[in-house]
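Me: I am new to this structure and would like to go through its salt bridges. Please keep the answers short.

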Amino acid sequence: MTELPKHFDPAAIETRWYGHWEEEGLFRPERDDCEPFTIVNPPPNVTGSLHIGHALDNTLQDILVRHQRMLGKDALWVVGTDHAGIATQMVVERQLNEQQQKRTDFSREEFIEKVWQWKEESGGEITGQLRRLGCSMDWSNERFTMDEGFTKAVTKVFVDLYNDGLIYRDKRLVNWDPGLKTAISDLEVENSETNGHFWHFSYPLEDGSGAISVATTRPETMLADMAVAVHPSDERYADMVGKNVRLPITGRLVPIITDDHADPELGSGAVKITPGHDFNDFDVGKRAGFKPAEMLNMLDADAKVCQTTDGLIPDELIGMDRFDARKKVVELIDAAGLLEQVEDRVIVTPYGDRSNVVIEPWLTDQWYVDAEKLAVEPMAKVRSGEIDIVPKSWEKTFFNWMENIQPWCVSRQLWWGHRIPAWYGDNGEVYVAADEVEAQAKAGEGVSLTQDEDVLDTWFSSGLWPFATLGWPEETDDLKRHYPNNVLISGFDILFFWDARMMMQGLHLMGEVPFHTLYLHGLVRAADGQKMSKSKGNTVDPLGLIDQYGADALRFFMAAMESQGRDIKMDEKRVEGYRNFATKLWNAARFCQSNGIGASTTLAAPKATLPVNRWIISETVTTLNALNKALDDLRFDGAADAVYHFVWDKFCDWYLELIKPEMDGDGAEECRQVAGWVLDQILVMLHPFMPFITEELWHAMGERSYDIIVAKWPNPRADVDAEAASEIGWLIKLIGDTRTARAELNIPPGAKLTVHVRDASDGTLERLERQSAALARVGRIENVSTDVPPEGSAAQIPVDEATYVLPLEGVIDLDAEKARLAKALEAAEKEVASLDKRLSNPQFVEKAKPEAVDKARADHAEKTAEAERLRAALERLG
RNA sequence: GGGUGCGUAGCUCAGUGGGAGAGCACUGCCUUCACACGGCAGGGGUCGCUGGUUCAAUCCCAGCCGCACCCA
C-alpha cells in the first residue's frame, strides 16, 4: 500500500499509466485461445486533431473494449488514420501557397513526396491525443490507408469490382467542385437555401410566329441550351411543339419538345433545357435523344465560360467567370428586349462540403461504383437482424437512402490518394489491372499505355477498414479471428459515407457482414445547442477539458450523457461534477487506507455476518447487475449512472459512515475485508469509464499481481440478502427522518439525543440494539429508551410500526413541531385519499393487473397507518 | 414536398401504462478526526397544447404549435 496524496491530481497519473499500459502491451494481451472481441476505430483524418466528437466516439469504444478485455476476451481495438485525400492535399497546398508556390510548380511525384513528408512530421498529432484520452487501442498494429498493404488491398478491390461489372467508366453529369477542381460524390454536396432570382426570358420562334417564355434561376446556362420543353398535356403549347426556337445571344436553333419534367404550374410552363449543366435537364436531354457526348458544354474546370462545340458563343463571353457571365447574359437579353420579368426567389444551391464553393453539374468521364447492386445485401442483413442498428430509429433513414441510392462517383481529380489502376491504350481502350505489367499483358505488346491520372474517393478505401486493417487480402490469423467485427461505433453523420459503404464492400468482398452491431451516436453541440464549428468559433477543445478536469472526468461525462439517439449539449459544469466524483472516490480510498482497509484477494464476496456488510455486498450485486445490463444494451448513460450512485450514495454516504463505529470493535476485521472487497469491485466496475484513477487506486490499495486493465470483471457469487437490505433500509430511514426533524426544528446537528421508542415490535427492538453504535455515531442518537417518554414538548418520528420520541423540553418550539407533523399528516392523508379513490373504483379492482391492485392495497394500509401515527403524535402534543 | 427526432424542475438531461427522477444551480445549517471538488436537510414540475383509447396516460393513438436534423 502506498499512501495517497491528500489531493487528487489527474495530470500526475495519466501519462504515467498510459505509458505503462502501452509499454507492457496491455492493450492487447496474448489471448489467442480466448473468444475474440473486435472494434475498429473510425480512422480520423491524418491531418486532424482531436475534437470533441472524437472524444465521444472513442470514449464509447474504449468503454466497450476495456469491459470486454476484463471479461477475459481477446479484445482488439484496431486503430489507424485516414489519408483524407482532399483535406490533406489542401493542407499541403496551403503550406505551398504560404511560400508563394503551388502544387503545379512540382511534378506529381514531387508533390506526393511533400505530402508524405508532412505526414511524417505532423500526422501523428491525433494519435497522441487519443492516448491522452486513455484509449486502449492496439497501437502495435497501427494502420494508415496509404500504407503499402492497404494500398494493395484498395487496388485489388478496384480490379475485382471492375471485373465483376460493379465499377465502370461513364460520361455523365457529376458534381464538379470548381474550387478544388475535382468531381465529388453527391454525399459531399451540401445544399443550402440562398436568395436568388427567377429570370423570365422570351425565346423567339424560328418562324417568326411568336415567342415562348421560359424562366430560369441560372441564366448563364442558356448559352448551352439545347431545347425548350413543355408538358405533353399542356394545350397552351400544343401547336408550338416541334417548332424551333432561335436562342438569343447564340442564335442557336433548338426544338420545342415535350417532357413530363416541364411543370405547367411553374412559371410559364415552358422550361429551357441545358442537358450539359443540369441534372434534370440531362435526363430530359437523354429522353429527347441527345447522347451525353453530344451535349453542349460551356464551362471549363474553373467554371469559366468556354466555347461550345458549335462555336456559337460570342467571343466577349468566353473566359468569363460563371457569375460574371450570369450578369452579362441577363444584360444582353435585356438589351435585346427579351427580359420579361425578374422575380426574387429562394433557391437551393449546392456547395462543396470542403471547398464551400458552388458546385457545378459538369459533363465528364468518371469512374462509378454500381451502388444499387452493392446495396442489396446490406439491406437484407439489416432486415434479417444480422446487422443490428442501434438505436433502431436509424434503420428507416438507412433504408431510405439505400433504396434510392445513386451510382457512386469514386474518381477524384487529385494527386494525393490511391491512383486508379486503369491504363489507356492509344485509342482510349481501358485496361484495369493490379499494376502496369498486368495491364500491359492484357493490352498486348507494343501498345503504349498511360495510367489514369485520377485517384479514388477516400471513402472508397476507408470502406475496407474492417478487414484490410487485418491483413486482407492475405488470409491472416487476425482476419480469420476478428472479421466480422463485433461492434462499430460511429456518429450518425457518417452512416452513409462510411458505415453503409463498409457494409457494401464487406459483404461483397468478404461475403460476411463487417460488424454485427452498428451503434450510432449523436453530435456534441455547443452549450447553446448550436453545432460546433471552427468558423463559428464555438468549438470546445477536449484537451483543454482534460487539462482542467482530467481525462477520466471527460470520459465519464461522455458516457453519462450518451443516451441513445440524442445529441449531447456541452455542459462544462457537468464535467466538473465528474471531476468531483473522481475526487470523492479518491478520498474514500484514502479513508480506507487510513483504516487498514486494503486490496482484496478474492473475486467472490467475503463471508459476512454483520447486516451492514451483507447489505453492501447485496448493493454491489445489484449495481453489478444493473451495470452489466446497461453495457449489454449499450446504454452508456445507464451504466455510468449505476456506478456513480452506488459509489457516492451507497458506498460513501452510508456504508463508510456506518462502519466507522465498527472499526475499533469486534466487527472490524469483517468490515475491513468487506470494505476492501467492495472498493475493489468499484474500481473494476469503474475502470472502463475512468481508467486512470482506477489503475492508480488499484495499486495504491495494495500489492497486486496484475494491473486493473487486465483484471477480471466482478463475479461476487453472492445473492441479494433481503433481510440485511430490510434492516439497513430501516436504519437509513430512521436516521434520515431524525435528521429531517432536527433540521426542521433547528436542533443543533451535533446535539446528541436520547430517543424513546413506543409501539416497537420485538424485531425492531433487536435492530435498535444491534445498530446502537451506528445510531449513535451516524444518527447522533445516544440512547434508546423503552420507558414512557416524559411529559412535555417532544419531536415524534414514526418509522414503520414504531414512533420515536425525542424529548426536547425547552429546546424546541412546540408550534414548529406541530406544524411539521401536520404537514406530514396532510401529505399522508392526501395519498390515502388518492388510493382510496382508486380502490373504491370497482373497475380498477376488476380490470387492473393484480399486482397493481395488491400494491395499491399495501400502499393504502401503510399510508393509513402512517397517518394514524402522525395523528396520535399530534394529539399527544395537545 | 417527403422523412426522422425532440419539447419533463431555473439549466443540462434520464424515465416508465399504476401517480415524476438525476447532476448542476438555488435556500438553510455544519470548518464532525476521507473528502468544502465536502456533509446534512430543503424548496422547486397542470411531464408543449387539444382531443381520443384505457379502470388508469408524462408514457399509447390522432391533430396542432414550437425546435432541430436528414432527403428531394
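Reply: Buried means under 20% relative accessible area, exposed means over 50%, and partly exposed lies in between. The model is predicted.

Me: Is lysine 392 buried or exposed?

Reply: The side chain of lysine 392 meets that of aspartate 388 in a salt bridge, with 4.0 Å from N to O. Aspartate 388 has 30% relative accessibility, so aspartate 388 counts as partly exposed. Lysine 392 has 56% relative accessibility, and therefore lysine 392 counts as exposed.

Me: Which residue forms a salt bridge with glutamate 723?

Reply: Glutamate 723 is exposed, at 58% relative accessibility. The pair links distant parts of the chain, helix H24 (residues 722-744) and helix H20 (residues 611-632), with the two residues 109 residues apart. The partner has a relative accessible area of 18% and is buried. With the closest N and O atoms 3.6 Å apart, that partner is arginine 614.

Me: Which helix holds glutamate 831?

Reply: Glutamate 831 and lysine 863 meet through their side chains in a salt bridge of 3.8 Å, N to O. Lysine 863 counts as buried at 19% relative accessibility, whereas glutamate 831 is partly exposed at 40%. The two lie 32 residues apart: lysine 863 is in helix H29 (residues 850-876), and glutamate 831 is in helix H27.

Me: How many salt bridges does a search of the whole structure find?

Reply: Some salt bridges share partners, and these join Arg28, Asp74, Asp138, Asp478 and Arg481 into one network. For the whole structure, the search finds a total of 55.

Methods: Residues numbered from 1 in each chain as written. Chains lettered and ligands numbered in written order. Predicted model: local features only at pLDDT ≥ 70, side-chain atom pairs only at ≥ 80, totals over all residues. Heavy atoms only, no water. Buried < 20%, exposed > 50% of the residue type's maximum accessible area, 1.4 Å probe, protein only. Helix = DSSP H or I, 4+ residues; strand = E, 2+ residues; numbered from the N terminus.
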